[in-house]
Amino acid sequence: AVLGRPFYVMQHVAGRVPPSRGAMLDSFLVHEATPEQRRRLVESGLDAMLAMHALDLQAAGLTWLDPSAGTPYTMAPQIAAYRVASEKHLRGRAHPLLMQALDWLRDHQPQAMVPALAWGDSRPGNILFGDDYGVAAALDWEMAAIMPRDADVGLWLLTDYMVHESEHAARLPGYPTRDEQLAYYEARAGRPVRDLAYWELFTAMKIAYVFVRVVRRMQDKGAIPADNDSLIHDNFAVRYLQQNLGRLTSVLISAPR
């Protein structure tokens, strides 16, 4: 009656989102935050992720989402879904590296995986932070799934690498290193993160697939020429796959970190 069509109302949550590129120039992290506040921002984001991973799937009524159905968990359904979606949106064009990554991920799955609620896009850029630099809300759940929680850790750390090391951007004072963030998560979780190389590669594959979707959408809208696939084959995720896919072997999987 109000708008003439169905709609819904969302609660507004106040907060700010840190940028996801480079040295985070022109952001509140640069101009306002102290080193202690920057560390709190990262650690509170990790705490939010830890809370998701600690959720009891049975008590939350989410076990029906678990494709393993009580059998040993396998990544095969996830990998197959990404392959089908990739082939669909490539529209007959080749992307050998993406297909090679999917093959590698299928053939080198970690052992004894324990499913949990995984956020799917775990990074500071998907979090609203309050004035106290604590988490006000975690956003962007469209890739959430019941899968090993270490997948979220791999995504969190790889996107941190993308923001800093891959762009040769110095960390702001107080902003924890990748090793410090991993150690913080492991200490709070009370367990080691296993198979990080696998989960970071899985993240790179997902980002490479997202680039395919984004480019196709831009082409369909006429924003770029229909025959211009350069961004599909030259982006951070593709470069990461090029640098790491060849050196990873099954020996790395489940090996002590």
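The points below describe the aromatic pairs, one helix and the largest pocket of a predicted model.

1. Aromatic pairs are a convenient place to start, and the model holds 10 of them. A pair of aromatic rings is described by two quantities, the distance of the centres and the angle of the planes. For Y82 and Y209 the ring centres are 5.6 Å apart and the planes stand at 85 degrees, and because an angle over 60 degrees counts as edge-to-face, this pair is given that description.

2. The pair of Y82 and Y209 links distant parts of the chain, since Y82 belongs to helix α3 (residues 76-90) while Y209 belongs to helix α7 (residues 196-220), and 127 residues separate the two in numbering. Both partners are buried: the relative accessibility of Y82 is 12%, and the relative accessible area of Y209 is 11%.

3. Y198 and W199 form another edge-to-face pair, with ring centres 4.9 Å apart and planes at 85 degrees. These two residues, Y198 and W199, are likewise buried.

4. The two pairs described above belong to a wider arrangement, for ring pairs join Y82, W104, Y198, W199, F202 and Y209 into a cluster. One member of this cluster, W104, is also listed among the buried residues of helix α4, which leads to the next point.

5. Helix α4 covers residues 96-107, a run of 12 residues, and its span from the first C-alpha to the last is 16 Å, close to the 16 Å expected at 1.5 Å a residue. Its buried residues are L97, L98, M99, A101, L102, W104 and L105, and they pack against α3, α7 and α9 (236-244). In general, residues three or four places apart in an α-helix point the same way, because the helix has 3.6 residues a turn.

6. A charged side chain also meets an aromatic ring in this model: R16 lies over the face of F28, at a distance of 4.3 Å from the ring centre.

7. Which residues lie nearest the centre of the largest pocket? They are R123, T159, M162, I207 and F211, out of a lining of 40 residues, and the pocket itself has a volume of about 940 Å³. The elements that give two or more residues to this lining are α5 (150-163), α7 and α9, with the largest share, 10 residues, coming from α7.

8. Helix α7 therefore deserves a reader's attention in several of these points, because it holds Y209 of the edge-to-face pair with Y82. The buried residues of α4 pack against α7 as well as against α3 and α9, and α7 gives the largest share of the lining of the largest pocket.

Conventions: Residues are numbered from 1 along each chain as its sequence is written. This is a predicted model: local features need pLDDT of at least 70, side-chain atom pairs count only at pLDDT 80 or more; totals for chains, interfaces and linings use all residues. Side-chain values use heavy atoms; hydrogens and water are left out. Rings of Phe, Tyr and Trp (its six-membered ring) pair if their centres lie within 6.5 Å; planes under 30 degrees apart count as stacked, over 60 as edge-to-face and the rest as tilted. Helices (H or I, at least four residues) and strands (E, at least two) are DSSP runs, numbered from the N terminus. Buried means under 20% relative accessible area, exposed over 50%, partly exposed in between (1.4 Å probe, protein chains only). A charge sits over a ring if NZ of Lys or CZ of Arg is within 6 Å of the ring centre and within 35 degrees of the ring normal. The expected span of a helix is 1.5 Å times one less than its number of residues. Contact means heavy atoms within 4.5 Å. On a 1 Å grid over the protein atoms alone, a cavity is a set of points where a 1.4 Å probe fits but cannot get out, and a pocket is an open set with protein on both sides within 12 Å along at least five of seven lines; lining residues have an atom within 4 Å of a point. Grid points are joined across faces, edges and corners, and a volume is the space filled by probe spheres set on the points.
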